[in-house]
Amino acid sequence: MPVHQITDPDDDRIADYRALTDVELRTRWEPPHGLFIAEGELVLRRALRAGYPARSYLVDAKRIDQLADLDTGDAPVYAATQDVLQRATGFHVHRGVLASFHRRPLPTAAEVLAAARRVVILEDVNNHTNLGAVFRGAAALGIDGVLLSPTCADPLYRRSVRVSMGEVFAVPYAKFSRWPDGLEQVREAGFTVLALTPAADALPIQRLSSAQRARAALLFGAEGPGLTGAAQSASDVRVRLPMRRGVDSLNVAAAAAVAFWELGRDDPPFGGE
């Protein structure tokens with residue numbers, strides 16, 4: 001595996017990795033250029049296993065052996081000291097391994113729905129940490145696909161990928177072009193749209209009927225504002241998680257995990273990856 005040493009943080013060969021902490025810049029740079037950044041060896045390997053083609057690798061020079069078993073193909077491997085890495089990326093790369101990958105075309109919402117028994121739909125979830133955590137919960141707890149409103153954050157942004165531990169590669173996802181009109185497409189595909197809300201008059205989730213559980217599309221809003229009135233009106237059932245001690249709601253990723261578990265609690269047991 002040929003390794004190219006990088007001594008200048010402004011070297012054009014590692015332009016993909018520049019200013020990784022600048023969300024606005026990365027949002028403008030990554031999707032239009034058809035790339036995303038993976039951080040950490042585990043995440044990198046999961047991206048490769050999912051079939052994403054590597055564009056390049058950037059590694060702490062002291063950790064180059066971590067990639068010794070990889071077939072890196074035509075993707076160059078760059079190595080640098082921690083100081084150069086930090087100056088180029090804008091943060092301490094404590095995992096020591098970064099990689100730039102080519103994106104793949106997204107499936108359509110119809111394709112995700114056709115292959116799913118249970119999905120989660122997110123409205124305006126633009127916090128990358130929450131988004132990544134929802135994907136990790138979805139992968140672990142039996143959700144077959146994720147559908148995003150047009151204003152949701154990018155699941156392949158570095159922080160989302162890292163928080164999901166690479167599970168954004170394991171769960172198919174699509175973005176609606178119109179909202180909340182896309183919910184009608186979900187309903188036409190045979191799903192019951194369940195809008196999660198802390199409202200006291202919503203149905204406790206454990207009281208859903210078998211028919212409502214059979215092909216469920218769980219709908220969640222952003223942290224704080226929750227679901228819009230339009231999204232709730234376009235859903236079939238408003239559902240809540242019963243709370244105690246006066247707590248009115250949970251973090252959206254935590255609430256999603258609870259709801260995923262509740263709907264899948266009677267599923268046959270399954271193993272890990």
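**View 1. Helices H5 and H10 side by side in the predicted model.** Let us start with a helix pair. The axes of H5 and helix H10 (residues 252–264) come within 8 Å of each other and cross at roughly 15°. Angles under 35 degrees count as roughly parallel, and H5 and H10 are therefore roughly parallel to each other. The hand of this crossing is right-handed. Two packed helices are described by the angle between their axes and the distance between the axes.

**View 2. Phe135 of helix H5 meets Tyr173 of strand S8.** Staying with H5, this close-up turns to an aromatic pair. The ring centres of Phe135 and Tyr173 are 5.6 Å apart and the planes stand at 85°, so the pair is edge-to-face. The two residues link distant parts of the chain: Phe135 belongs to helix H5 (residues 128–140) and Tyr173 to strand S8, 38 residues apart. Phe135 and Tyr173 are both buried.

**View 3. Phe36 and Phe169 form a tilted pair.** The model holds 7 aromatic pairs by the rule used here. For Phe36 and Phe169, the centres lie 5.6 Å apart with the planes at 40°, so this pair is tilted. Phe36 sits in strand S2 (residues 35–39), while Phe169 sits in the loop between helix H6 (158–163) and strand S8 (173–175), so the pair ties together parts that are 133 residues apart in sequence. Are these two residues buried or exposed? Phe36 is buried, and Phe169 is buried as well. A pair of aromatic rings is described by the distance of the centres and the angle of the planes.

**View 4. One aromatic cluster, with a charge over one of its rings.** Phe36, Tyr52, Phe101 and Phe169 make up one aromatic cluster. Which residue places its charged end over the ring of Tyr52? Arg104 does, with its charged end 4.3 Å from the centre of that ring. Elsewhere, Arg158 lies over the face of Phe91, at 4.4 Å from the ring centre.

**View 5. The annotated span, residues 119–260.** An unreviewed UniProt entry carries the annotation "domain: tRNA/rRNA methyltransferase SpoU type" for residues 119–260. In the model, the end C-alpha atoms of this span are 9 Å apart. Helix accounts for 32% of residues 119–260 and strand for 19%.

**View 6. Ala116 in the loop between H4 and S6.** Ala116 is found between helix H4 (109–114) and strand S6 (119–122). Its relative accessible area is 7%, and buried means under 20%, so Ala116 is buried. From Ala116 to Ala140 there are 24 residues in sequence and 15 Å in space, C-alpha to C-alpha.

**View 7. Backbone features in three loops.** Most residues other than glycine have a negative phi, and most peptide bonds are trans. Here, the peptide bond from Trp179 to Pro180 is cis, with omega near 0°. Pro180 is placed in the loop between S8 and helix H7 (182–188). Ala19 has a positive phi, near 55°, and is located in the loop between strand S1 (3–5) and helix H1 (23–33). With a relative accessible area of 24%, Ala19 is partly exposed. Met165 also has a phi near 55°; its place is the loop between H6 and S8. Met165 counts as partly exposed, at 25% relative accessibility.

Terms used: Residues numbered from 1 in each chain as written. Predicted model: local features only at pLDDT ≥ 70, side-chain atom pairs only at ≥ 80, totals over all residues. Heavy atoms only, no water. Phe/Tyr/Trp six-rings, centres within 6.5 Å; stacked < 30°, edge-to-face > 60°. Helix = DSSP H or I, 4+ residues; strand = E, 2+ residues; numbered from the N terminus. Buried < 20%, exposed > 50% of the residue type's maximum accessible area, 1.4 Å probe, protein only. Lys NZ or Arg CZ within 6 Å of the ring centre and 35° of its normal. UniProt positions renumbered as here; feature names shortened; annotations may be inferred. Axes fitted to C-alpha atoms, helices over the stretch in contact; angles between N-to-C directions. Parallel < 35°, antiparallel > 145°, perpendicular 65-115°, else oblique. Left-handed = near helix turned anticlockwise from the far one by under 90°.
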